[in-house]
Amino acid sequence: MASAPKSVTIRTYQVGFGDCFLVSFSYGPKSEKHILVDFGSTGFPKRVPKSRMMDIAHDIKKRTNGKLHAVVATHRHRDHISGFATAKGKGTGDVIRSLKPALVVQPWTEDPKLGPKATGPAGKDRVRKLGAGTLKQIAALGLMHEVAQQTLAARNLPRDVRREVQFLGESNIQNRSAVDNLAMMAKNSYVFCGSKSGLEKVLPGVKVSVLGPPTLKQTGTIKKQRSSDPDEFWQFQASVARLAASADGEIPMLFPRHVKSRGPAFPVNARWLVYHARMTRGEQLLQIVRSLDQEMNNTSVILLFQIGKKKLLFPGDAQIENWQFALQQKKYRSLLSSVNLYKVGHHGSRNATPKSLWKLFKNKSERKTSNRLLSLMSTMEGKHGDVHSHTEVPRETLVHELQRNSDLFTTQQLQGKQFFHDTVVTF
Ligand SMILES: [Zn+2]
């Protein structure tokens, strides 16, 4: 086998709203190493057959010849991991497991040794390395699933608020089967900015850098530098941690039963009041689920593959808070400046391609050059946000910029029976 890959083929699957990329490194005829980056969906466009997820699982099996070398699950959202769920040997996750990956890469926040169901001593050294508050942070992430579950049960919300609450709630509810499968199917690597990924052992001749997520210790250094910048993200974390602490092992009822109403016939004059009361409650609820959604996105693993001079960037759904630590460091900024392929963060949403990152990419070009930046976007219109509030996914201005300055492929181009697209990068 050659000591370094000669080309890499990225297969982008049409998973509706979600991510699924099969990255195949070719070392010569019949010599390939396959890495699966995410496999999840929270919804498909109309007319997509129900068998789509299983069709993809079988295609991965066929394309890899029955052997997957590693899996990367960037973060715990359903639209990134639902495909790993098992069903008594008949689920898509069972198919992936049968491909016997040697390694599963996940963020440090997934390490069961740090969780409430710790399988061993957490290891004071590890906690010290990750930063104070690590165990609370893990507990808070766990609590968020309960919050998401309860938001889904919330009733009498105004229609447009309900739509977003449901969308965010759905992606944040726990996917126990997929989480367990990822923990069991192979050796695990729980990574953070600057840590080893373990993928180099699997991929000879490929350098892999982990740019995110930062540990709490790393984030602490940013917080000190940005102490005047009000940071909603961390305020929320603190309040969830407080909730977790006060709950004493019990899940607090954020939306207790007595606030539900069964739609009584209110007198006309009272309807205005009822509507506004619901709107206020809906808005508060939205704020909470939006924050928890962002918090989970910010646990995304950010990976940069380097083969010779070519660089491929897979940032999951990382948002600015996750990116910040890497972006402050010269060595990472210099690596990022020469990226050749960019997996567009968070399905093209407005908060996941920081402008400071986009500015760094020097292979952007309005002309079709031989080295023009390639960008891959997995997304679905009309599922999330709205144009009116500039929160639509994918964000129009970002898509326009991607189209103008890179060779953009989006899964929206995959229709009918076509459910994947191959992008080849040669070295
Ligand atoms: Zn996502």
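Reader: Is Asn-65 buried or exposed in this structure?
Author: In this predicted model, Asn-65 is found in the loop between helix H1 and strand S4, which spans residues 70–72. Its phi is positive, at about 60°, although Asn-65 is not a glycine. A residue counts as exposed when its relative accessible area is over 50%, and because Asn-65 has a relative accessible area of 73%, it is exposed.

Reader: What is the phi of Arg-47, and where does this residue lie?
Author: Arg-47 lies in the loop between strand S3 (31–39) and helix H1 (52–63), and at 81% relative accessibility it counts as exposed. Most residues other than glycine have a negative phi. Arg-47, although it is not a glycine, has a positive phi of about 75°.

Reader: Which residues are joined by a cis peptide bond?
Author: Most peptide bonds are trans. One place to look here is the loop between strand S7 and helix H9 (216–225), where Pro-213 has its place. The omega there is about 5°, and the cis bond joins Gly-212 and Pro-213.

Reader: Which residues coordinate the zinc ion?
Author: The donors follow the spacing D-H-x236-D-x29-H along the chain, and their distances to the zinc ion are 2.0 to 2.1 Å. The aspartates contribute OD atoms and the histidines contribute NE2 atoms. The coordinating residues are Asp-79, His-80, Asp-317 and His-347.

Reader: How many residues apart along the chain are His-80 and His-347?
Author: His-80 belongs to helix H2 (residues 78–81), whereas His-347 sits in the loop between strand S10 (341–343) and helix H14, so that the pair links distant parts of the chain. His-80 is buried, with a relative accessible area of 0%, and His-347 is buried with a relative accessible area of 0% as well. Along the chain, the separation of His-80 and His-347 is 267 residues.

Reader: Why is the site of the zinc ion not counted as tetrahedral?
Author: Four donors count as tetrahedral only if all angles lie between 85 and 135 degrees. The angles among the four donor atoms of the zinc ion run from 85 to 155°. Because that range goes beyond the tetrahedral limit, and the site does not fit square planar either, the site is classed as irregular.

Reader: Which helices each supply at least two residues of the lining of the second largest cavity?
Author: A search of the whole structure finds three cavities of 30 Å³ or more, and about 60 Å³ of space lies in the second largest. Its lining has two nonpolar, six polar and three charged residues, including Phe-167, Ser-171, Asp-293 and Asn-297, and among the lining residues are also Asp-79, Asp-317 and His-347, which coordinate the zinc ion. The helices that each supply at least two lining residues are H6 (159–172) and H11 (268–297).

Reader: Which helices are among the elements that cover the buried residues of helix H13?
Author: In helix H13, which covers residues 330–337, the buried residues are Tyr-332, Leu-335, Leu-336 and Ser-337. What covers them includes strands S7 (207–212), S8 (302–307) and S9 (310–314). The helices in this cover include H12 (320–327) and H14 (355–360).

Reader: What distance separates the C-alpha atoms of Arg-128 and Leu-216?
Author: Arg-128 has its place in helix H4 (residues 124–130), and at 53% relative accessibility it counts as exposed. Arg-128 and Leu-216 are 88 residues apart along the chain. Their C-alpha atoms are separated by 10.0 Å.

Notes:
Residues numbered from 1 in each chain as written. Predicted model: local features only at pLDDT ≥ 70, side-chain atom pairs only at ≥ 80, totals over all residues. Heavy atoms only, no water. 1 Å grid on protein atoms, 1.4 Å probe; cavity = no way out; pocket = protein on both sides within 12 Å on 5 of 7 lines; lining within 4 Å. Points joined across faces, edges and corners; volume = space filled by probe spheres on them. Helix = DSSP H or I, 4+ residues; strand = E, 2+ residues; numbered from the N terminus. Nonpolar A, V, L, I, M, F, W, Y, C, P; charged D, E, K, R; others polar. Buried < 20%, exposed > 50% of the residue type's maximum accessible area, 1.4 Å probe, protein only. Contact = heavy atoms within 4.5 Å. Donors = N, O, S within 2.8 Å, 3.2 Å for Na, K, Ca; no water. Tetrahedral: all angles 85-135°; square planar, octahedral: opposite > 155°, others 65-115°.
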